[in-house]
Amino acid sequence: MDLDTYIPASVQMMVELVNSYDSRLAEPERLGGVADVEDFFRRHRMLGPNRVGPDDVTSLHALRADIRAVFEAEDEATALNRLNDILSAAGVVPNVVQRADGRRELFFAAGDAPLTNRTACDAGIGLAMMMVDQADRLKVCAGDACRRVFVDQSRNRTRRYCGNSCASRSTVAAYRARKRTSAGG
Ligand SMILES: [Zn+2]
């Protein structure tokens, strides 16, 4: 793993959002209620002056499905069309915010914009930056029953699994399959 590859915050948020429905888990939904969604927005500095309501949960789930559809598109042209639909629906408005600690941050929607809209703008830009010249780093895990997405930071971009647990499970499965094959002659 090439840890010096920098992943912007918008990309990290985008990946975490897509993986917030994790089919490997007994309870796949990690953003099921208002409290989970509020925590997600707060951790990713999206909350601002807004309060979270049930509509935000519904709209965030819809955004999540739209972003996943980019990862799972059958070809590059479809992926780009889906990405551009997200961006145009979001209506990106870049703005620089002065923080209390003196540092500045670039956001892609106004601080008081509706929460899912802010998230669509920032996650959409994160995805767009990757799609321009690093689309081959955006991957869906090859593990059985795993649909997690990840950014492949390996130098030769050959990573196939979201993490060690999926990689080792698949190694064990391949070993068993080989044993079965050789036992069967
Ligand atoms: Zn996986």
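## Overall architecture

Of the 185 residues in the protein chain, 27% are buried. The model is a predicted one, and its pLDDT averages 91 over the chain, with 96% of the residues scoring at least 70. Confidence varies between the elements: helix α3 (residues 54-71) has the highest mean pLDDT, 97, whereas helix α6 (residues 164-183) has the lowest, 80.

The chain comprises six helices and four strands, arranged along the sequence as α-α-α-α-β-β-α-β-β-α. Its C-alpha trace spans about 65 × 35 × 35 Å along the principal axes. Among the contacts with a separation of 6 or more, 52% join residues 24 or more positions apart.

## Burial of helix α1

Helix α1 covers residues 9-18. Seven of its 10 residues are buried, so α1 is largely enclosed by the rest of the structure. The buried residues are S10, V11, M13, M14, V15, L17 and V18. Their cover includes α3, α5 and strand β4 (149-151).

A general property of helices is relevant when reading this list. An α-helix has 3.6 residues a turn, so residues three or four places apart point the same way.

## Packing of α1 against α5 and α3

How do the axes of α1 and α5 cross? Helix α5 spans residues 115-133, and its axis comes within 8 Å of that of α1, at a crossing angle of roughly 105 degrees. An angle of 65 to 115 degrees counts as roughly perpendicular, which means that α1 is roughly perpendicular to α5. On the α1 side, the contact is formed by S10, V11, M13, M14 and L17; these meet D122, A123, I125, G126, L127 and M130 of α5. By class, the residues of this contact divide into eight nonpolar, two polar and one charged.

The axes of α1 and α3 come within 9 Å and cross at roughly 100 degrees. These two helices are therefore also roughly perpendicular to each other. Here M14, L17 and V18 of α1 meet R64, I67, R68 and F71 of α3. The residues of this contact comprise five nonpolar and two charged, with no polar ones.

M14 and L17 appear in the contact of α1 with α5 and again in the contact of α1 with α3.

## The largest nonpolar core

The largest nonpolar core contains 38 residues, of which M14, I67, A123 and L127 touch the most other members. At least two residues of this core are supplied by each of α1, α2, α3, α4 (76-90), α5 and β4. The largest share, eight residues, comes from α5.

Which residues does A123 contact, leaving aside its neighbours within four places in sequence? They are S10, M13, M14, L17 and I67. Of these, S10, M13, M14 and L17 belong to α1 and take part in its contact with α5, while I67 is one of the α3 residues that meet α1. A123 thus links to both partners in the description above: it lies in α5 and is in contact with I67.

## Loop residues R24, A145 and R157

R24 lies in the loop between α1 and α2 (34-43). Is R24 buried, partly exposed or exposed? It has 17 C-beta neighbours inside 10 Å and so counts as partly exposed. Apart from neighbours within four places in sequence, R24 is in contact with A145 and C146. Its C-alpha atom is separated by 34 Å from that of G111, a residue 87 positions away along the chain.

A145, one of the contacts of R24, is found in the loop between β3 (138-140) and β4. A145 has 9 other C-beta atoms within 10 Å and is therefore exposed. Its phi is near 65 degrees, a positive value in a residue other than glycine.

R157 likewise has a positive phi, about 55 degrees, although it is not a glycine. This residue is located in the loop between β4 and α6. With 12 other C-beta atoms within 10 Å, R157 is exposed, because the exposed class takes in residues with 12 or fewer such neighbours.

Methods: Residues are numbered from 1 along each chain as its sequence is written. This is a predicted model: local features need pLDDT of at least 70, side-chain atom pairs count only at pLDDT 80 or more; totals for chains, interfaces and linings use all residues. A residue is buried if 20 or more other C-beta atoms lie within 10 Å of its own, exposed if 12 or fewer, and partly exposed in between; C-beta atoms are placed from the backbone. Two residues are in contact if their C-beta atoms, placed from the backbone, lie within 7 Å. Axes are lines fitted to C-alpha atoms, for helices over the stretch in contact, and angles run from 0 to 180 degrees between N-to-C directions. Angles under 35 degrees count as roughly parallel, over 145 as roughly antiparallel, 65 to 115 as roughly perpendicular and the rest as oblique. Ala, Val, Leu, Ile, Met, Phe, Trp, Tyr, Cys and Pro count as nonpolar, Asp, Glu, Lys and Arg as charged, and the others, Gly among them, as polar. pLDDT is the predictor's confidence in each residue, from 0 to 100. A nonpolar core is a set of buried Ala, Val, Leu, Ile, Met, Phe, Trp, Tyr and Cys residues joined through C-beta atoms within 7 Å.
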